[in-house]
Amino acid sequence: MATIDIPAKTSASGSGRAPARASRNRSGRRGSRLWVKIVVALLLVVEIYPMIWMFLTSLKSNDDYLNNSTWSLPTTWEWSNYSEAWTTGHIGLYVQNSLLAVVPALALMLLLGTAAGFALQIMVWKGRSLTLLVFLAGMMVPPQMILLPLFTVYFQTGLSGTLWPLILTYTGTGLPLTVFMMATYYRTVPRELFEAATIDGAGILRAFWTISVPLVRNALLTVGLVQFFFIWNDLLIALTFTNNQDLRTIQVGLLNFTGDFGATQYGPLFAAICINVFGTLLIYLFLNQKVMKGLTSGAVKG
């Protein structure tokens, strides 16, 4: 009987510890999940509440903004602030100028950066490592150092008073990062595809356009979106090279936003800011999944 009772006692004590340990593990997991939910909720409040406040402020009248509390709701919902921002504030013209400067610069940047990344990673030629280092060195040059020489060059060549200084400067300053990122993406492309294309008689240009570009389209979208936000939100370069009100981009236009008789109208001003912020936010939300695929495809294989 003793030989039977001892294992039974040990088994009972072991079976008692197991549920206790499992319950402690479950409570620990619940506690960690609770902290994660609290942190996520705080981050959502920090990110979303300023946009809600900005939208509500865009619907206030000027007297409502100046005389009432900053955190109060609008006494009257002034939806006309958006039409006033688009017409009187010339936001439509500023958005058009931004698109005319950003789209050509982005197209040139992606075309040249993709071609350079293809040449640096796929093609075999002497000095390509040194060339890549030269592009990387371009990322270390602050844009503030080149503004004065570029302004002199644009003035002497007669490009001042147009959007060409913005297009050329955006292309030149964004090209080093674009080349580096596209060269990184090309490392994941199998070389056997290009070897097979060469055996089939395809030249360099055909291999570039028909094979490499479709393979890195997600990377192109990712790099293009990152560079788009950099260029679209630029203020320093646009403020330096736009000497005419008709050439102002949206960031410069918001900096000098005034209503009638030069007075600042805060309702239309915040309406213009909402047009800028929510417009770019919709672009990111629409292309979010493509960007995630592009970032994942850029992981370098070991």
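**Internal cavities and a nonpolar surface patch**

In this predicted model, a search of the whole structure turns up two cavities of 30 Å³ or more. The largest cavity holds about 50 Å³ of space, and the second largest holds about 30 Å³.

The lining of the largest cavity is a good place to begin. Ser98, Ala101, Val102, Tyr170, Ile231, Trp232, Asp234, Thr249 and Gln251 surround this space. Two elements, helix H4 (91-121) and helix H10 (217-232), each give two or more residues to the lining. Of these, H4 gives the most, with three residues. In character, the lining of the largest cavity comprises five nonpolar residues, three polar residues and one charged residue.

Turning to the second largest cavity, its lining is made up of Phe151, Tyr154, Ser160, Gly161, Pro165, Phe241 and Asn243. Here the residues divide into four nonpolar and three polar, with no charged residue among them. A charged residue is thus found in the lining of the largest cavity, whereas the lining of the second largest cavity has none.

The surface offers a feature of its own. A nonpolar patch there is formed by Val36, Val40, Leu44, Val45, Ile48, Tyr49, Ile52 and Trp71. Taken together, these residues have about 780 Å² of accessible area. One of the patch residues, Val45, belongs to helix H1, which runs over residues 2-57.

Technical notes:
Residues are numbered from 1 along each chain as its sequence is written. This is a predicted model: local features need pLDDT of at least 70, side-chain atom pairs count only at pLDDT 80 or more; totals for chains, interfaces and linings use all residues. Side-chain values use heavy atoms; hydrogens and water are left out. On a 1 Å grid over the protein atoms alone, a cavity is a set of points where a 1.4 Å probe fits but cannot get out, and a pocket is an open set with protein on both sides within 12 Å along at least five of seven lines; lining residues have an atom within 4 Å of a point. Grid points are joined across faces, edges and corners, and a volume is the space filled by probe spheres set on the points. Helices (H or I, at least four residues) and strands (E, at least two) are DSSP runs, numbered from the N terminus. Ala, Val, Leu, Ile, Met, Phe, Trp, Tyr, Cys and Pro count as nonpolar, Asp, Glu, Lys and Arg as charged, and the others, Gly among them, as polar. Patches are made of residues with over 30% relative accessible area and no salt bridge: like charges are joined within 9 Å, nonpolar side chains (Val, Leu, Ile, Met, Phe, Trp, Tyr) within 5 Å. Accessible areas come from the Shrake-Rupley method with a 1.4 Å probe; for residues, only the protein chains shown count as cover. A salt bridge is a side-chain nitrogen of Lys or Arg within 4 Å of a carboxyl oxygen of Asp or Glu.
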